[in-house]
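Work through the following exercises with the sequence and the coordinates at hand. Each task is followed by a solution in steps.

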Amino acid sequence: MEKAFEKQLEQLRSRSLFRSLKEITTPQGLAVTAENRELLNFSSNDYLGLANDPLLRQAAKAAIDTFGVGSGASRLVCGTLSPHLRLEEKLAHFKRTEAALCFSSGYAAALGAMGALVGPKDVVIMDKLAHACLIDGARLSGATVRIFPHNHTGKLESHLQWARTHHPKARVLVVTESVFSMDGDCAPLAEIVRLKKTYDALLLLDEAHALGVLGNQGRGLADALGLAHEIDVQMGTLSKALGTSGGYICGSRSLIDLLINSARSFIFSTAPTPATAAAAEAALNFLLSPQGDQRLQTLWANLHVFAVMLGRTTAFESAIVPIILGEEQTALNASKELHRRGFMVPAIRYPTVAKKQARLRITLSALHAHNDIALLCEALGEFL
Ligand SMILES: *Cc1c(COP(=O)(O)O)cnc(C)c1O
């Protein structure tokens, strides 16, 4: 067996697709230390610098002192502790929905929600660039899956017409992201909402990279466009701009009750720890405070500065800036060269993105100073 494993690994190496783990010996932040080298971090999804914020650390410590470390069981058995319910109340209030439900990760939220909402008689229609957890959720549900080219609403409409003609009784679930995780662009949400209403479909929107980045107080893209009340299933994660971990679904009371009763990744998994739930609640409180507003403005000021320094004529749509280089090895070499110069910028390769679409994925944080961004631009020079 070992030989067979080695052979598979060798194939990955020969295609520049082998990956390995790197130890970071410091907390997440502006600079991190890896292999005894301090690197300026342009690769984290901790857009607001909350992962190591004293407010969140304090909330987590207080929850440990009151509730201990483990939650002991799944939520339906005896694992629903006060911090879980307080977080869910706060999330529903923040997203202005009737109810909310937390999962141990965004990945688990997608799998659980999609499996609960659609089955083999139903249809899922999703964007080609949707995140792996949405693809896996669609597959696992057993529904018929139709993919439309990235942000192509014309093709989405023809899939909807097809579904209504060939599966008249089916539940039809449209799935997209608000900010695409490897491209940083936004979905044409107004048109998608119009179509899902015309064809009487449900819409699941994954706001993983929009929460804490877009919309009033960081509520997300749907909020920014005044469309939040039109989204049936608002999904996201607490692990990116919110700096903690865990996934969530926000929506109507009946949607959440249905998930509590049938989302397998919710039912058959131990509840998130009370410390992470309490830290996530603290992150939401921060977003709702004047300091939160300030932090969001700092992030967008950084994005503006970066766009100007790169000579872009249009503003970035999110905190994710891809620099597409094509060949896997080209992206790897670029990432290595940036590492040599003291920057952490990952090369993103197949299967995270399509073959020959390898790229540097740069993420900005509110913690970066304008000078850090200038230094990065200088180092990037030769790859642009
Ligand atoms: C990261 C991510 C997820 C998964 O969230 P986790 O909490 O990390 O499991 C889901 N969707 C998108 C678009 C993501 O980028």
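**Exercise 1. The ligand site**

Task: In this predicted model, find how many residues surround the ligand and which are the closest.

Solution. Step 1: the ligand is surrounded by 13 residues. Step 2: the closest are G106, D206, H209, T237 and K240. Step 3: look at the polar atoms. The side chain of T237 has an N or O atom 2.7 Å from an oxygen atom of the ligand. K240 places a polar side-chain atom 2.7 Å from a ligand oxygen atom. For Y107 it is a backbone N or O atom, 3.0 Å from an oxygen atom of the ligand. Step 4: turn to the cover. On its own the ligand has 370 Å² of accessible area, and the protein covers 85% of it.

**Exercise 2. The setting of H209**

Task: State where H209 lies, whether H209 is buried or exposed, and which residues H209 is in contact with beyond its sequence neighbours.

Solution. Step 1: H209 sits in the loop that runs between strand 7 (202–206) and helix 9 (221–224). Step 2: its relative accessible area is 4%. The cut-off for buried is under 20%, so H209 is buried. Step 3: with neighbours within four places in sequence set aside, the contacts of H209 are N45, Y47, V179, S181, K240, I320 and R361. Two entries on this list return elsewhere: K240 is one of the closest residues to the ligand, and R361 belongs to strand 13. Step 4: the contact with Y47 includes a polar one, side chain to side chain, at 2.7 Å.

**Exercise 3. Strand 9 and its partners**

Task: Determine which strands are joined to strand 9 and which way its residues point.

Solution. Step 1: strand 9 covers residues 247–251, and five of its five residues are buried. Step 2: G247, I249 and G251 point to one side, Y248 and C250 to the other. Step 3: strand 3 (residues 99–103) runs antiparallel to strand 9 and is joined to it by five bridges. In this pairing F103 is opposite G247. Step 4: strand 8 (residues 233–237) also runs antiparallel to strand 9, with four bridges. Here M235 is opposite I249.

**Exercise 4. Strand 13 and the loop before it**

Task: Explain why strand 13 counts as largely enclosed, then list its pairings.

Solution. Step 1: strand 13 spans residues 358–363, and six of the six are buried, so the rest of the structure largely encloses this strand. Step 2: A358, L360 and I362 point one way, while R359, R361 and T363 point the other way. Step 3: strand 10 (residues 320–326) pairs with strand 13 in the antiparallel sense over six bridges. Strand 12 (residues 347–348) is also antiparallel to strand 13, over two bridges. Step 4: R359 appears in both pairings, as the bridge partner of I324 and of I348. Step 5: examine the loop between strand 12 and strand 13, where P351 is found. The peptide bond joining Y350 and P351 is cis, with omega about 5 degrees. K356 lies in that loop too, and its phi is positive, near 65 degrees, although K356 is not a glycine.

**Exercise 5. The nonpolar cores**

Task: Find how many residues the largest nonpolar core has and which of them have the most contacts inside it.

Solution. Step 1: the largest core has 83 residues. Step 2: L91, L160, L189, L299, F306, I362 and L380 have the most contacts inside this core. Step 3: helix 12 (residues 274–287) supplies the largest share, nine residues. Step 4: another core, of 31 residues, lies apart from it, and includes L101, M126, L173 and I249. Step 5: take L380 as an example. Leaving out residues up to four places away in sequence, L380 touches F306, L310, I323, L338, L360 and I362.

**Exercise 6. Two residues outside the strands**

Task: Classify G381 and R96 by accessibility.

Solution. Step 1: G381 is in the segment after helix 15 (370–380). Its relative accessible area of 39% makes G381 partly exposed. G381 and L310 are 71 residues apart in sequence, with their C-alpha atoms 9.0 Å apart in space. Step 2: R96 lies in the loop between helix 4 (82–95) and strand 3. At 55% relative accessibility R96 is exposed. R96 also has a positive phi, about 55 degrees, without being a glycine.

Technical notes
Residues numbered from 1 in each chain as written. Predicted model: local features only at pLDDT ≥ 70, side-chain atom pairs only at ≥ 80, totals over all residues. Heavy atoms only, no water. Buried < 20%, exposed > 50% of the residue type's maximum accessible area, 1.4 Å probe, protein only. Pairing = 2+ DSSP bridges. Core = buried A, V, L, I, M, F, W, Y, C linked by side-chain atoms within 4.5 Å. Contact = heavy atoms within 4.5 Å. Near = heavy atom within 4 Å. Polar contact = N/O pair within 3.5 Å; in protein donor to acceptor, adjacent residues only side chain to side chain. Areas by Shrake-Rupley, 256 points an atom, 1.4 Å probe, with all protein chains shown as cover.
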